[in-house]
Amino acid sequence: AIAGSYQGWRRMNTAPYLSATHGNHYLNNYVNEIGAAAYGRFEKAGRLPVGTIVAKDSFSMTTSGGILLGGLFVMEKMPNGFNHASGDWRYTLFQADGTLFGETNGTGSKRVEYCIACHLAVEHRDHLWFLPKPYRVPARN
């Protein structure tokens, strides 16, 4: 359901940005209505509400200018107690062909543990890394 609807959510970046931590792909960040206003405050967002979903689609460019689709990275804020190490975020990664690569506390959970490990560095910001400042679009209230 997320893969079919996220492009209708609020896009938080003005243009795709390069992310070394997401396979050196270009990303677009989308946030659902539940979390868009808080997420748009970026480092001042505080703890995002349960039900917030952040979706990051990805792509890379070939030397001839072609586009190669990458994975869809999804973070969903779950109720307290879902997973202490992840700050109660469920990380899900879909491959470019739409197949599930892994999800926290679910199928292929070991494959997305690197998400938790990386996001632990920003535990003080509800486990959220934010896109580079030049690409940010503030959320509407």
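Buried residues account for 47% of the 141 residues in the protein. The structure is a predicted model, and everything below should be read with that in mind. As for overall size, a compact globule of 141 residues would have a radius of gyration near 14 Å, and the protein comes out at 14 Å, so the two agree. Laid along the principal axes, the C-alpha atoms fill a box of roughly 45 × 35 × 30 Å.

The fold is built from 3 helices and 7 strands. Reading from the N terminus, the order is α-β-β-β-α-β-β-β-β-α. Once contacts with a separation of 6 or more are picked out, 46% of them turn out to join residues 24 or more positions apart. On the outside, about 7500 Å² is exposed, with carbon and sulfur atoms supplying 56% of that area. The charges come to 14 positive and 10 negative, and the mean positions of the two sets sit 8 Å apart.

Next come the aromatic rings. The count for the protein is 6 aromatic pairs. In one of them, Tyr17 and Tyr135, the ring centres are 6.2 Å apart and the planes meet at 40°; since edge-to-face needs over 60 degrees and stacked needs under 30, the pair is tilted. Tyr17 belongs to strand β2 (residues 17-19), while Tyr135 sits in the segment after α3 (113-119), so this pair ties together parts of the chain that are 118 residues apart in sequence. The two partners can also be placed by accessibility. Tyr17, at 5% relative accessibility, counts as buried, whereas Tyr135, at 29%, counts as partly exposed.

A second pair brings together Phe42 and Phe130, and here the geometry is edge-to-face, with 5.8 Å from centre to centre and 90° between the planes. This pair also links distant parts of the chain: Phe42 is in the loop between α2 (33-39) and β4 (53-61), Phe130 is in the segment after α3, and their positions lie 88 residues apart in the numbering. Both Phe42 and Phe130 are buried. Phe42 and Phe130 also join Tyr39 in a cluster linked by ring pairs.

Tyr39 turns up again in the surroundings of Val54, a residue of strand β4. Val54 has a relative accessible area of 2%, so it is buried. With neighbours within four places in sequence set aside, the contacts of Val54 are Tyr30, Val31, Tyr39, Phe73, Val74 and Met75. The C-alpha atom of Val54 is also 8.6 Å from that of Tyr6, a residue 48 positions away along the chain.

Finally, there are a couple of backbone oddities to look at. Asp88 is not a glycine, yet it has a positive phi of about 70°. Its place is in the loop between β5 (67-77) and β6 (89-94), and with a relative accessible area of 8% Asp88 is buried. Asn105, likewise not a glycine, has a positive phi of about 60°. Asn105 is found in the loop between β7 (100-103) and α3. At 48% relative accessibility Asn105 counts as partly exposed, given that exposed would require over 50%.

Note on methods
Residues numbered from 1 in each chain as written. Predicted model: local features only at pLDDT ≥ 70, side-chain atom pairs only at ≥ 80, totals over all residues. Heavy atoms only, no water. Helix = DSSP H or I, 4+ residues; strand = E, 2+ residues; numbered from the N terminus. Rg over C-alpha atoms; globule rule 2.2 N^0.38 Å. Buried < 20%, exposed > 50% of the residue type's maximum accessible area, 1.4 Å probe, protein only. Contact = heavy atoms within 4.5 Å. Areas by Shrake-Rupley, 256 points an atom, 1.4 Å probe, with all protein chains shown as cover. Lys, Arg positive; Asp, Glu negative; His and termini not counted. Charge placed at Lys NZ, Arg CZ, Asp CG, Glu CD. Phe/Tyr/Trp six-rings, centres within 6.5 Å; stacked < 30°, edge-to-face > 60°.
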